[in-house]
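Trainee: I would like to go through the charged and polar contacts of this structure. Can we take them one by one?

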Amino acid sequence: MKHIFLYCLMLCTALFTACSDDDDVQEALAEGQGEVIFTFERNQVYSITSLEEMVRLKVTLEKDGETITLPTFDLTGDEKAMTSEPIRLDNGVYTVKKYIAYNDKGVQVMEAYLESDNELVVEHENITTFYFPISIRITYSNNMLRSTLFGICTEIFGNDSTLWPKTWREENEDFLTWENLHFETDDYGNITYLSEIVFDEKFAANTEKGFGGMKKLPSAVAEMPTIESLVIRNIPEFEELPDNLNKSGISSITVLNTSLKEFPKHFENIKHLNTLSIINSKLTEIPASLQKLENLFAVNLDGNEITSFPAELAKSWQKLASLSMRNTKLQSLPAEIFSMKKVSTFDFRNNPDLSSLPETRGEGVALAGFLLDGCGFTSIPAIAATEGIRMLSLADNKITSVSNNELSATLQCLILDGNPLSAAPVINHEKLMELSLDNCGLTEIPDVSGLPNLRSLYVAKNHIQEVKADAFTKCKMFSILGLEGNNELQRIDNNAFYTTTDYKLEESTNTSIARPIYMACVDVDNCPNLTWAIPDSWNHIPTIDVTNKVGLKFGDSHVVVYHKNSNGVTRTQHCKEPLENDKECGKNHDARPVKDFEEWKEQNLK
């Protein structure tokens, strides 16, 4: 009996103990539920001044188009990290849209909207940690932003606000009139999101001064959490960017016409940078460490003193789509330069010490063109013959000859202006549409019979004496001829151009007359020895029917002819119908709708 009593006592004690332990254990996760922990870390969410102030949090999610606002929950931690307890959610993929943070007194200290890195996946019986990302949008108060901008001015100019930009001074209470700020506002005129600051030597024309004299960008700019774009321009004294830009969410940096000599520390760690333009400054090198900027989409380093391009960058910048390095001191390029898969056209114009290019390109590279004007090339670079090249510009180099096999069969535009060619090149490429040979010492029109799709030929400022019959009759789409400045030019044969009677016109039009249906413009400005009567068939070129466009009709056109300082060029326009009272119909009409040929090209060749 004694032993039975002792056994029962032990059993009750065990049961009591078990029940006590169960009081501290949460119920098991329901089927189809997982858990998430929300975490802020100093090294990720740089924009929070004091993490420890954030003791409670309300998070808004979105799932399958439905908005879900979680109950407010506590955060624990210190200035390095603040973390929530596990929050239970149904399985699925969520988007974290925004959060509101409160301090220990229940006062809201921050409201932020997430724009990227905000997907949250919840899986059954798994705990997911969601780290709040850098790319957040903070809702400013105008006073808060004004204080920050005042601090920037104070750091640059000192406490005397009369030295600050006029619209940025304390007495200007209308914050929306501050210049060179790009922002969004709410319905009450409050700035909710400042995205760009432009630091300029001068602001608007009626403003006394801007940021002229600024030598260094204040570090406070990098600490402004919503800044996406930074522009510093026309400040000759400017020399230095701050070392803390890596803590910013900046995606675009433009520095123009300054004395910036080098990149600051940690620049390669600007996580979201995708556009970089440092133009007409004093850079002497591009650090290989910038290979870490793998999200770069466009880079412009024109007008610096850079002599080389690191191979490491060519290997790493695989998202880059645009690279421009004009007016630098480039001497050579690494073999890997054409391994950047998304760059279509490389722009290396006006680098007189650059005289060669690597001959190979990476597999799958989108390379389509080169801009190499004003360099030191003596021949066409071998890579120009590779498949896919559509545009090649080598104006003002030292090329003396061009052979057909040096050019890609896919080439559509070839510009060789200002090269001392010994003879006009003979090119037979079916896809070539534009050929420019201005100021090349030519004495005759090049043979273009092998260019059936040629649209434009520019041979200005040469020594051409005649445009012979049949010169362009094999080019059925030919439309623009530039002959300006050929002093020796004496004759243009009216049978030089393709004309046809094979076209559909409105019923009242005489289709028996051969007309230059595709011809648009001829420039013979400054050809003082030219005698040429422009053909009558170049007037009143009638409307061509437009397929599948019932009722669509264009007015009659003329071939535009420019003949400034070419008094031997004449034109008579005949009227389609008789005019009353013996009025003349456009005698010597030249049909020029704009001032000059270059303006015409700009308007019509976009």
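Mentor: We can begin with a pair in this predicted model: K216 forms a salt bridge with E240, and the closest N and O atoms are 3.7 Å apart. K216 lies in the loop between β13 and β14, and E240 in the loop between β14 and β15 (252-256).

Trainee: How many residues apart are K216 and E240?

Mentor: K216 and E240 sit in loops that are distant parts of the chain. The salt bridge links these parts, and the separation is 24 residues.

Trainee: Is K216 buried, partly exposed or exposed?

Mentor: Buried means under 20% relative accessible area and exposed means over 50%. The relative accessible area of K216 is 42%, so K216 is partly exposed.

Trainee: Is E240 buried, partly exposed or exposed?

Mentor: The class in between runs from the 20% limit to the 50% limit. E240 has a relative accessible area of 38%, so E240 is partly exposed.

Trainee: How many salt bridges are found in the whole structure?

Mentor: The criterion is a side-chain nitrogen of Lys or Arg within 4 Å of a carboxyl oxygen of Asp or Glu. A search of the whole structure with it gives a count of nine.

Trainee: How far apart are the closest N and O atoms of R233 and D200?

Mentor: R233 is in strand β14 (residues 229-233) and D200 in strand β13 (residues 191-200), with their positions 33 residues apart in the chain. The two form a salt bridge, and the distance between the closest N and O atoms is 2.6 Å.

Trainee: Of R233 and D200, which counts as buried?

Mentor: R233 has a relative accessibility of 31%, so R233 is partly exposed. The value of 8% is under the 20% limit, so the buried residue is D200.

Trainee: Which residues are linked with R326 in a network of salt bridges?

Mentor: One pair is R326 with D347, where the closest N and O atoms are 3.6 Å apart. R326 lies in the loop between β18 and β19 (345-347) and D347 in strand β19, so the pair ties together parts 21 residues apart in sequence. In the network, R326 is linked with D302, D347 and R349.

Trainee: Which side chain makes a polar contact with that of D302?

Mentor: The partner is in strand β18 (residues 322-324) and is S324. S324 has a relative accessibility of 8%, so S324 counts as buried. The contact is 2.8 Å, and the side chain that joins that of D302 belongs to S324.

Trainee: Which backbone oxygen does the side chain of R169 reach?

Mentor: R169 is in the loop between α2 (142-157) and β12 (181-185). Its relative accessibility is 9%, so R169 counts as buried. At 2.9 Å, the side chain of R169 reaches the backbone oxygen of W164.

Trainee: What charge does the surface patch with E79 carry?

Mentor: E79 is in the loop between β4 (73-77) and β5 (81-84). With a relative accessible area of 48%, E79 is partly exposed. E52, E53, D78 and D104 gather with E79, and the charge of this patch is negative.

Trainee: How far apart in space are N486 and E466, C-alpha to C-alpha?

Mentor: N486 is in the loop between β26 (480-482) and β27 (491-492), and its relative accessible area of 0% means that N486 is buried. N486 and E466 are 20 residues apart in sequence, and their C-alpha to C-alpha distance is 9.9 Å.

Notes
Residues are numbered from 1 along each chain as its sequence is written. This is a predicted model: local features need pLDDT of at least 70, side-chain atom pairs count only at pLDDT 80 or more; totals for chains, interfaces and linings use all residues. Side-chain values use heavy atoms; hydrogens and water are left out. Patches are made of residues with over 30% relative accessible area and no salt bridge: like charges are joined within 9 Å, nonpolar side chains (Val, Leu, Ile, Met, Phe, Trp, Tyr) within 5 Å. Accessible areas come from the Shrake-Rupley method with a 1.4 Å probe; for residues, only the protein chains shown count as cover. Lys and Arg count as positive and Asp and Glu as negative; His and the chain ends are not counted. The place of a charge is taken as NZ of Lys, CZ of Arg, CG of Asp or CD of Glu. Helices (H or I, at least four residues) and strands (E, at least two) are DSSP runs, numbered from the N terminus. Buried means under 20% relative accessible area, exposed over 50%, partly exposed in between (1.4 Å probe, protein chains only). A polar contact is a pair of N or O atoms within 3.5 Å; within protein, one must be able to donate a hydrogen and the other to accept it, and residues adjacent in sequence count only if both atoms are side-chain atoms.
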